[in-house]
Amino acid sequence: ADTTSQKQSLPQEVKFENGLRVFLLPDTSTPTITLSGNIQAGTEYDSLSKAGLANLTATNLMSGTQTQTALELAKTLENRGATLGFGASREGVSLGGNSLSKDLPILIQTLTDVLQNANFPADQVELSRQRALTTLKLELDSPNVVARRKFQQTVYPKNHPFTIFPTAKTLTGLKIADLKTFYSQHYLPSNTMLALVGDFKVADVKRLLESSLGKWSTTATAVKLNYPAAQLPAQQVKVSPSLPGKTQSITLMGNKAIDRKDPRYYSALVLNQILGGDTLSSRLGTEIRDRQGLTYGITSSFAASKQQGTFIVSMQTAPEDAQKATQSTIALLKDLQAKGVTESEVANAKSSIASGYTVDLAAPDEIAGATLGNAIYGLNPNEIIEFPKKIKAVTLEQVNKVAKELISPDRLVVITAGPPK
């Protein structure tokens with residue numbers, strides 16, 4: 001797999017006059033074409049009073065257009081064994097689809113129709129609203145989800161887009177007109193990136209796109225969001241949401257950290273691999289889970305995307321062990337900062353991350369996915385080749401430096417969701 005990835009060519013980028021960006025990667029080893037993409041219309045654009053709107057809009061893109069019902073859209077694709085779907089997350093609406101090579105025009109035609117002409121029929125919207133309310137009820141009974149919500153709302157300042165989540169009240173209050181307004185404001189060619197991988201000739205696909213999505217025009221301009229900066233609390237902040245009847249507690253502890261463009265990102269990845277990224281040999285797993293026996297599982301991560309993310313340690317414990325596990329984790333973080341990591345830990349972590357990346361990228365659709373992800377974060381197109389080199393260049397000194405700069409053991413936000421004490 002290693003050799004394949006080095007020989008694998010990178011996608012060609014095509015920019016259209018309307019702002020649409022498309023990455024094309026021919027792959028003759030398959031008779032199919034895989035479509036992926038991202039539209040800047042994610043839940044970060046939800047307002048406090050209309051939380052849930054981005055998701056409800058994305059869910060209903062396939063519910064019908066001005067010329068086709070939901071059933072007709074589904075049948076058109078189904079008859080050819082093709083698929084197309086959308087899902088909203090915080091930083092975008094992801095889209096995915098596939099078809100046989102000869103059916104690509106049908107797939108693109110359907111995509112073009114739903115991105116420009118979705119009409120949000122009342123019956124379909126109501127069905128998806130009821131599903132969203134059912135999902136919400138389940139989520140609010142999940143320690144994982146409750147802890148995550150409370151963590152975001154405590155780390156980030158009020159009115160930060162990452163603190164807004166749907167409630168039964170906001171979901172019930174959404175109107176069809178809200179979906180149509182959101183759709184016209186955010187579903188724009190300049191907000192859209194696509195990637196196509198598979199059995200095609202670049203010139204043919206360019207022509208196909210030029211005559212379809214290339215003609216997509218709108219007078220709307222992209223909405224700019226305000227992201228107020230997160231501040232570290234003066235001291236530890238502890239919140240314990242109560243969920244009666246649960247047998248486990250979920251604890252999330254962490255603080256504000258970095259975005260994906262921060263030059264310290266690569267050192268932070270190596271640090272995280274040592275601390276809690278490697279499930280088998282991480283310090284947190286070895287000490288808190290294995291030696292002290294305080295958790296069922298414990299991991300750490302740096303969430304780094306377009307906006308400033310977080311450093312976070314996540315653990316599942318018996319309710320009576322949550323406090324002791326938290327204290328032991330804080331002690332371990334302080335010890336890590338005081339004594340640093342070792343050369344062998346850094347070497348192993350670098351090797352693990354770099355080799356995993358190379359193998360993962362052997363497949364053309366993985367390469368297209370990584371290219372799309374890098375473009376979403378505004379990174380250099382060569383990042384896909386540079387990434388393993390940047391990981392290998394990380395030094396012991398850099399890892400120990402980011403451990404001190406990006407982790408604040410005495411000023412963590414600690415959220416434990418579980419049964420009441």
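# Exercises on a predicted model

At 52% relative accessibility, Ala 229 counts as exposed, where exposed means over 50% relative accessible area, buried means under 20%, and partly exposed lies in between (1.4 Å probe, protein chains only). The model is predicted, so that local features need pLDDT of at least 70 and side-chain atom pairs count only at pLDDT 80 or more, while totals for chains, interfaces and linings use all residues. Residues are numbered from 1 along each chain as its sequence is written, and side-chain values use heavy atoms, with hydrogens and water left out.

**Exercise 1. Place Ala 229 in the chain, and state how far it lies from Ile 106 in sequence and in space.**

Solution. Begin with the loop between helix H9 (202-210) and strand E7 (237-239), which is where Ala 229 is found; helices (H or I, at least four residues) and strands (E, at least two) are DSSP runs, numbered from the N terminus. Then compare Ala 229 with Ile 106: the two are 123 residues apart in sequence, and their C-alpha atoms are 45 Å apart in space.

**Exercise 2. Decide whether Thr 251 is buried or exposed, and find the partner of its side chain in a polar contact.**

Solution. First, Thr 251 belongs to strand E8 (residues 249-256). Next, its relative accessibility is 0%, and therefore Thr 251 counts as buried. Finally, the side chain of Thr 251 makes a polar contact with the side chain of Thr 416 at 2.9 Å; such a contact is a pair of N or O atoms within 3.5 Å, and within protein one must be able to donate a hydrogen and the other to accept it, while residues adjacent in sequence count only if both atoms are side-chain atoms.

**Exercise 3. Compare the spans of helices H10 and H6 with the expected spans.**

Solution. The expected span of a helix is 1.5 Å times one less than its number of residues. For H10 (residues 265-277), a straight helix of 13 residues would span 18 Å, but the end C-alpha atoms span only 14 Å. H10 also has a kink of about 30°, centred on Leu 271, the bend at a residue being the angle between axes fitted to the seven residues ending there and the seven starting there. As for its surroundings, twelve of the 13 residues of H10 are buried, including Tyr 265 and Gly 276. H6, which has 13 residues, reaches 18 Å from its first C-alpha to its last, close to the 18 Å expected. Among the buried residues of H6 are Pro 143 and Phe 151.
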